[in-house]
Amino acid sequence: MANAALTDMRAIEPKRGWYKRNEIAITPWLFLAPAILFFLFYVIIPIYQSFALSLYSWDGLGERTFVGMGNYTELLDDRAFEVSLWNNFKWLLLYLLAIPGGLFIALFLNQTVVGIRLYKSLFFFPFVISQVVVGLVFTWFYDPTFGLLNTMIGWVGLGPINVLGDPTMVTYGIIAAGLWPQTAYCMILYLTGLNAVDPEQVEAARLDGAKGWKMLWYVIIPQLKPATFIAFVVTIIGALRSFDLISIMTNGGPFGQSRVLSFYMFEKALSEYGFRMGYGAAIAVVLFLIMLCFIAYFLWSMWKEEKVR
Amino acid sequence: MFPKPIEKSSPGVRIGYQALLPISLLFWLAPLIAVAIFSVKPAVDFTGGNYWGLPSTFAGFENYGKVFFESDMPRYMLNSVLITVPTVIGAVALSCMAGFALGVYKFRSNLIIFFMFVAGNFVPFQILMVPVRDLTLDMGLYNTKLGLVLFHVAFQTGFCTLFMRNFIRALPFPLIEAARVEGVAEWRIFWFVVIPLMKPAIAALSVLIFTFIWNDYFWAIVLTQGPDAQPVTAGITSFNAQFRAAYHLMSAGSIVAALPPVAMFFLMQKHFIAGLTLGAVK
């Protein structure tokens with residue numbers, strides 16, 4: 001039997017075409033081709049084009065004039081750029097509060113009482129809503145004349161405060177609005193993580209007398225490491241991508257004090273304030289380079305994981 | 001389990017916990033509840049300064065009726081559907097194939113290509129904005145749904161490929177080996193062996209991408225303008241301009257705009273969370 005099969009195979013072998021013989025080597029490329037082409041045209045090449053464009057002065061229609069590092073030297077003296085950059089750091093730092101916040105809510109909800117599943121979904125709810133609606137909701141929440149916030153602080157005899165109209169408070173107000181869905185996201189990551197915590201280790205630690213903070217810090221949090229990593233990644237990305245909330249809630253104001261780089265770039269390149277595409281591209285490059293530090297770190301972490309496998 | 005199960009605590013703590021749950025939820029969702037109440041109030045409540053009292057009359061039908069029949073809202077909603085659904089199909093199809101290629105085959109540039117997709121998925125939108133807008137203009141697709149769909153498919157392919165590839169990596173490889181030994185063609189292995197096993201991943205990814213794309217605002221304002229092609233996230237701003245200071249209508253409009261992903265989430269909750277938390281557990 002086996003012999004017959006073998007001769008059979010040999011008989012077929014020479015007839016197999018070039019494709020058949022190289023099937024294993026070629027197939028992946030055929031499967032990858034559409035995705036790579038799309039990605040190349042819409043993501044990879046545009047990154048290079050933006051870098052190139054940042055060396056030009058261009059209004060989007062007429063001739064491009066080469067200005068070398070001109071756009072970048074202009075950035076150095078641009079007060080609005082400085083404010084935006086500084087606000088970006090505020091976003092980065094304060095947005096990270098979503099991680100402990102999410103962990104806290106996850107710990108609070110990690111019980112098995114009746115109806116807890118519904119509570120978990122409802123707590124997660126803000127993440128599903130578009131940032132545009134979150135922005136609108138919080139604009140009304142902060143409204144100095146009728147907003148819920150001022151109504152509530154009115155009960156304890158304070159107020160009224162105009163969060164979005166105050167140059168010093170405005171960025172913090174928008175970040176707080178952004179933290180709402182982001183905390184929900186981190187919460188769901190941690191709830192899943194907590195589900196997978198090894199109960200035997202928890203019991204063993206309990207027998208050894210660990211409880212409360214000690215238990216959390218030395219037994220639970222180390223086991224939540226994968227969840228924390230993802231929470232960190234999505235929160236950093238979210239912080240640097242913040243655009244929708246600012247555009248909806250304040251449009252960069254008052255006096256441009258709530259701008260971040262992503263918003264300022266859009267304003268310079270594509271809004272009524274002038275079509276300075278080259279200058280906008282230079283701002284985008286700066287934002288990209290900030291992001292690149294994090295991307296490099298993420299990839300490096302993932303690469304370590306891959307090597308272990 | 002951590003924290004300690006509440007059933008093991010004293011009755012007092014148990015009741016306290018049960019009471020704390022709805023109260024904390026009320027605070028957590030307060031801004032949203034406020035908007036929901038706004039949306040069923042009649043206009044007189046706002047001119048009369050009755051912001052936080054109960055609605056003087058229930059005007060829900062009237063307000064939502066206005067949103068649906070006297071504004072461009074239905075058009076924006078339809079645009080959103082026509083942008084979101086093709087994007088989901090396109091991105092999932094492309095990433096199934098790319099994920100299969102990267103997850104099953106060993107070749108030298110495998111990891112580099114994979115990392116290209118991962119890295120591309122993290123870049124800030126602004127670095128793509130001007131070139132992508134130019135590309136769309138050059139193709140004559142500016143202010144069309146197709147222009148938006150093509151970009152979304154391309155960009156989402158990054159995240160989707162990451163997702164699919166990791167999912168396929170976790171599948172039992174001997175199954176594919178066995179099919180190969182049987183002499184099954186590679187594309188048949190993909191279609192008849194791998195795709196059926198990927199159904200949960202496809203479901204999870206579809207719900208996620210649906211939500212992401214429905215909620216997109218930035219690209220909507222960069223690549224489209226006006227009610228012909230704009231999705232609802234961008235349309236809501238013109239809606240609000242139309243009904244300036246009519247808070248009851250703006251609230252109703254916002255709720256309508258937010259509803260489809262919310263419905264999607266509640267209907268497909270299991271898949272949604274499975275997709276979102278992939279990798280959160282080893």
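A residue is called buried here when its relative accessible area is under 20%. With that in hand, let us tour this structure, which is a predicted model.

**A covered helix in chain A**

Helix H8 of chain A, residues 131–142, is a good place to start. Ten of its twelve residues are buried, so the helix is mostly covered. The buried ones are A:Val132, A:Val133, A:Val134, A:Gly135, A:Leu136, A:Val137, A:Phe138, A:Trp140, A:Phe141 and A:Tyr142. What provides the cover? Both chains take part: the covering elements include H9 (148–155), H10 and H14 of chain A, along with H2 (30–38), H13 (232–242) and H14 of chain B. The length of H8(A) agrees with expectation, because twelve residues at 1.5 Å a residue should span 16 Å and the end C-alpha atoms are 16 Å apart.

A:Gln131 also belongs to H8(A). Its relative accessible area is 26%, so A:Gln131 is partly exposed. Setting aside residues up to four places away in sequence, A:Gln131 touches A:Pro181, A:Asp244 and A:Leu245. The last of these, A:Leu245, is 114 residues away in sequence, yet the two C-alpha atoms are 6.2 Å apart.

**Two helices that cross**

Elsewhere in chain A, helix H5 (residues 79–95) meets helix H10 (residues 170–195); their axes come within 10 Å and cross at roughly 40°. The crossing is right-handed. From H5(A), the residues in contact are A:Asn87, A:Lys90, A:Trp91, A:Leu94 and A:Tyr95, and they meet A:Thr171, A:Tyr172, A:Ile174, A:Ile175, A:Gly178, A:Leu179 and A:Gln182 of H10(A). By class, this contact has seven nonpolar, four polar and one charged residues.

**A kinked helix in chain B**

Over in chain B, helix H14 (residues 247–267) has 21 residues. Its first and last C-alpha atoms are 29 Å apart, close to the 30 Å expected. Where does H14(B) have its kink? A bend of about 45° lies at B:Leu259, shortly before the proline B:Pro260. H14(B) is mostly covered, with 15 of its 21 residues buried.

Another helix of chain B, H9 (residues 173–181), holds B:Ala179. This residue has a relative accessible area of 10%, so it is buried. Beyond its neighbours within four places in sequence, B:Ala179 is in contact with B:Val184, B:Ile189 and B:Val193. B:Ser24, in contrast, is 54 Å away from B:Ala179, C-alpha to C-alpha, and 155 residues away in sequence.

**Backbone details in the loops**

Most residues other than glycine have a negative phi, and most peptide bonds are trans. Two asparagines have a positive phi, as the table shows.

| Residue | Phi | Relative accessibility |
|---|---|---|
| A:Asn251 | near 55° | 48%, partly exposed |
| B:Asn143 | near 60° | 22%, partly exposed |

Where do these asparagines sit? A:Asn251 is in the loop between H14 and H15 of chain A, while B:Asn143 is in the loop between H7 (126–138) and H8 (145–169) of chain B.

The loop of A:Asn251 offers one further feature. A:Pro254 lies in the loop between H14 (244–249) and H15 (261–270) of chain A, and the peptide bond leading to A:Pro254 from A:Gly253 is cis, with omega near -10°.

Key:
Residues numbered from 1 in each chain as written. Chains lettered and ligands numbered in written order. Predicted model: local features only at pLDDT ≥ 70, side-chain atom pairs only at ≥ 80, totals over all residues. Heavy atoms only, no water. Axes fitted to C-alpha atoms, helices over the stretch in contact; angles between N-to-C directions. Helix = DSSP H or I, 4+ residues; strand = E, 2+ residues; numbered from the N terminus. Left-handed = near helix turned anticlockwise from the far one by under 90°. Contact = heavy atoms within 4.5 Å. Nonpolar A, V, L, I, M, F, W, Y, C, P; charged D, E, K, R; others polar. Expected span 1.5 Å × (residues − 1). Bend = angle between axes of the 7 residues up to and from the residue. Buried < 20%, exposed > 50% of the residue type's maximum accessible area, 1.4 Å probe, protein only.
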